[in-house]
Amino acid sequence: MSSFYKNVLGALEGLIGLGILAALVFAVFPLTLDVFRLNLVGKYLSYAFVAIGLVMCWGYGGILSLGQGVFFGLGGYCMAMFLKLEASTPQATAIQSTPGIPDFMDWNQLTALPLFWEPFKSFVFTLLAIPLIPALLALVLGAAMFKRRVGEVYFAIVTQAVALILSVLIIGQQGYTGGVNGITDLKTLLGWDIRSDSARVLLYFVNGALLFSCILFGKFLLSSKLGKLLMAMRDKEERVRFSGYDVANFKVFIFVVAAIFSAIGGAMFTLQVGFMSPSFVGIVPSIEMVIFAAVGGRLSLLGAVYGTLIVNFGKSYFSETFPEVWLFLMGGLFIAVVMAFPNGLAGIYKDYVRPRLALHRGRTVREAL
Amino acid sequence: MNMPMIGALPEGKNEFALYVEGLTVAFNGFVAVNDLNLYVEKGETRVVIGPNGAGKTTVLDLICGRTKASSGSIRFKDIELTAMSEHQIVRAGVGRKFQTPSIYETLTVRENLEVSFPRGRTVFGALAFRLTADVVARVEEVAEQIFLSTHLHRPAELLSHGQKQWLEIGMLLMQAPELMMLDEPVAGMSVSEREKTAELLNHIGKDRSMIVIEHDMEFARHIADKVTVLHQGQVLAEGSMDHVQNDPRVIEVYLGH
């Protein structure tokens, strides 16, 4: 237990860090924000799943994926397909030429539900598919590339290509996927109206709880020998290989974990926002998610959450206040952060705040003596 | 021509830990190692010397699986290594130290040694790995041997060059390899560090076979049981240090032009 406290939670400092974030997510935001804003924060926090996954595979493992939107999107689409089928009862779609199939299929002259949609009628299947389909894709991609020792840059390019392919595929196959509009008009989850205020608040808390579960799981992974090996691989991959480890397996594993985290975020995004579209799958959102992690600090799980929140708050603040120039302001912010603080917000804490805290603590101890 | 058979299988000796036979590798037509035979006895410390480009490092790369052989055979304890991947070769008991110190700069000395401990080498093994008393004891024992007992908590990047070399040797010792291959272990070391390293290698060489690539003749003399001189990817001479140093062909290669 004590080693769990010290290694996994990071002793008192780690516990305080978790406590502050928990207080923000579970008390401050719900108590001070109206349901609309709270729902917005919930949406941002669903991106944070991707950012903490990136901390693990990019920050610690040295694997930069520019295609995490793929996994976020797959998780989100799995959830959206289930919700869409629930919303497309024959009664609700009676005016369509083929009632009982999603509206966009009807518009695209489809007359029957495509085969790959069938299993998504089952909620259990959907819950399993959300983590497993992205995990399987990450496993295949990761195994294909890491076993062949594809270098970091090539890996980043390939993941970006995958993001592009998936978004093009979704947009092109309009009748099967809802095309560029995505899957919209999602109403209920097992009969429960997800658009009501009470549902939005509850989903916000479920999202927060899942995020903390992922953070704790991430902390457990990183504090284990596996976490040390990831850092060791980032430093000297050859040395790890010549210490008897199959380096590729470790890379595949962490890439799969990051994919699963992203997928959970995607599913929670769909539930909270009520739709899913290809604009969360392609290259631009994938790179934005890397920026969240970079701003927060790519070596800090909690930092990634703060980075996600701050960038998204900044985005909505700048876009509301300076609608003409907000993109330039955001761009400026990113450049400033990366230039001045290469380790992001967590780096600022580590380099400037922590030494002062330690100094202060030392002084009070001396005064007490 | 009355050439002595160089690199042929010596008879009536101890058991061999390593048999290298007919080993050849070519890079784009350049033959770096050419039909090489090399036999290392159990418990022997073999020093490999030779001019630049003789193929010394390539031979180590071939044995540890970093480079794949074009033809030939490498057998270690009756296991054929040529078809195995790097981590499998390590697990079979072959350790390799690189020429420039290859350590994990961001981890502490202790962590560097801990992750080199040969347990929990699979993904899920690493997740379940616990720092039990035997691991801690082994880390401290090895740290003592490599003169780094008082540096266990320091980040490895803060060590001196010589200490980094020792740390990498320590990381190999954690794995207790039966065959240890060191590529210029004293490169860049001070005189006193060289002496300590010679002592260290003599000590750890008692329990295992070693192949050491070295340029420093004095250092080689200190640690070698036997010396192999490589030249243009082939064995030029083999025997005691005095024997090879007086071999006219060796003198020709080193001083001839």
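Two strands pair if DSSP finds at least two bridges between them. Helices (H or I, at least four residues) and strands (E, at least two) are DSSP runs, numbered from the N terminus.

The model is predicted: local features need pLDDT of at least 70, side-chain atom pairs count only at pLDDT 80 or more, and totals for chains, interfaces and linings use all residues. Residues are numbered from 1 along each chain as its sequence is written, while chains are lettered from A and ligands numbered from 1 in the order in which they are written.

**Exercise 1.** Find the residue of β2(B) that stands opposite Tyr19(B), then place β2(B) in its sheet.

*Solution.*
- Step 1. Strand β1 (residues 16-27) of chain B is joined to β2(B) by 8 bridges, and the two run antiparallel.
- Step 2. Opposite Tyr19(B), in β2(B), stands Tyr39(B).
- Step 3. The sheet is open, has 4 strands in the order β2-β1-β4-β5 (chain B), and its pairing is antiparallel.
- Step 4. β2 (30-41) and β5 (79-80) of chain B are the edge strands; each has a single partner strand, so one side of each lacks a neighbour in the sheet.

**Exercise 2.** Describe the surroundings of strand β8 (residues 209-213) of chain B.

*Solution.*
- Step 1. A residue is buried if 20 or more other C-beta atoms lie within 10 Å of its own, exposed if 12 or fewer, and partly exposed in between, with C-beta atoms placed from the backbone.
- Step 2. By this rule, 5 of the 5 residues of β8(B) are buried.
- Step 3. Ser209(B), Ile211(B) and Ile213(B) point one way from the strand, Met210(B) and Val212(B) the other way.
- Step 4. Strand β3 (residues 45-49) of chain B runs parallel to β8(B), joined by 4 bridges, and Thr45(B) stands opposite Met210(B).
- Step 5. Strand β7 (residues 179-183) of chain B also pairs with β8(B) in the parallel sense, over 5 bridges; here Asp183(B) stands opposite Ile213(B).

**Exercise 3.** Determine which helix of chain B gives the most residues to the side that touches chain A.

*Solution.*
- Step 1. Two residues are in contact if their C-beta atoms, placed from the backbone, lie within 7 Å.
- Step 2. On this basis 24 residues of chain B are in contact with 20 residues of chain A.
- Step 3. α2 (86-92), α3 (109-115) and α4 (123-128) of chain B each supply at least two residues of that side of chain B.
- Step 4. α2(B) gives the most, with 4 residues.
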